[in-house]
Amino acid sequence: MKNETYYITGCSGYSEEIAFALNRFHNNNTNIFFIENDSKFINTDSPLGIKILNEEILKDTKSPNVFVTITNPQIRESIVNKYRKFNADVIFPNFLDSSLI
């Protein structure tokens, strides 16, 4: 993967599992942020202590690595398209971990 900063959509459930697995993979030597569009979560910390940022941060980030943790294909496609409009250089990395369900 290109760098060690990752943005994960949402801030609960599967998003937390991805964050946990990424931290384990990188021996807790990575920067992870959750990104949201719901103002009640933005600029707070998740229960895991991960900072929750406005998804529009992707507009100003060079080649951001983004994990879209939404499983509904229509919503997922909509999010991917929106993020590509924010930043044409967004990267959607693949991450395989046997602990993720």
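## Burial, pairing and contacts in a predicted model

Me: What makes β1 a mostly covered strand?
Reply: Four of the five residues of β1 are buried, where buried means under 20% relative accessible area, exposed over 50% and partly exposed in between (1.4 Å probe, protein chains only). Strands are DSSP runs of E with at least two residues, and helices are runs of H or I with at least four, numbered from the N terminus. This is a predicted model, in which local features need pLDDT of at least 70 and side-chain atom pairs count only at pLDDT 80 or more, while totals for chains, interfaces and linings use all residues. Residues are numbered from 1 along each chain as its sequence is written, and side-chain values use heavy atoms, with hydrogens and water left out.

Me: How do you know that β1 and β2 pair, and in which direction do they run?
Reply: Five bridges join β1 (residues 5-9) to β2 (residues 31-36), and pairing requires at least two bridges found by DSSP, so the two strands qualify as a pair. They run parallel. Thr-5 faces Asn-31 of β2, and Tyr-6 faces Ile-32 of that strand.

Me: Where do β3 and β5 stand in the sheet, and why is one side of each left without a neighbour?
Reply: The open sheet has five strands in the order β3-β4-β2-β1-β5, with mixed pairing. β3 (44-45) and β5 (65-67) are at the edges, and each has a single partner strand, so one side of each lacks a neighbour in the sheet.

Me: Why is Thr-30 called buried or exposed?
Reply: Its relative accessible area is 14%, so Thr-30 counts as buried. Thr-30 belongs to the loop between α1 and β2. Its side chain comes to 2.6 Å from the backbone oxygen of Glu-4, which fits a polar contact (a pair of N or O atoms within 3.5 Å, one able to donate a hydrogen and the other to accept it within protein, residues adjacent in sequence counting only if both atoms are side-chain atoms). Leaving out residues up to four places away in sequence, Thr-30 touches Glu-4, Thr-5, Tyr-6, Leu-22 and Asn-23, contact meaning heavy atoms within 4.5 Å.

Me: Which class does Phe-33 fall into, and what does this residue touch?
Reply: With 24% relative accessibility, Phe-33 of strand β2 is partly exposed. Beyond four places in sequence, its contacts include Tyr-7, Ile-8, Ile-50 and Leu-53. The C-alpha atoms of Phe-33 and Ile-52 are 6.0 Å apart, although 19 residues separate the two along the chain.

Me: What makes the phi angles of Asn-43 and Ser-63 notable?
Reply: Most residues other than glycine have a negative phi. Asn-43, in the loop between β2 and β3, has a positive phi near 65°. Ser-63, in the loop between β4 (51-54) and β5, has a positive phi of about 45°. Asn-43 is exposed at 55% relative accessibility, whereas Ser-63 is buried at 10%.

Me: How much space lies in the largest pocket, and how does its lining divide?
Reply: The largest pocket holds about 220 Å³. Of its 13 lining residues, Phe-67, Val-68, Arg-76, Pro-93 and Phe-95 are the closest to the centre. The lining divides into 10 nonpolar residues, two polar and one charged; Ala, Val, Leu, Ile, Met, Phe, Trp, Tyr, Cys and Pro count as nonpolar, Asp, Glu, Lys and Arg as charged, and the others, Gly among them, as polar. α1 (14-25), β5 and α2 (73-86) each contribute at least two lining residues. On a 1 Å grid over the protein atoms alone, a pocket is an open set of points where a 1.4 Å probe fits, with protein on both sides within 12 Å along at least five of seven lines, and lining residues have an atom within 4 Å of a point.

How values were computed:
Points joined across faces, edges and corners; volume = space filled by probe spheres on them.
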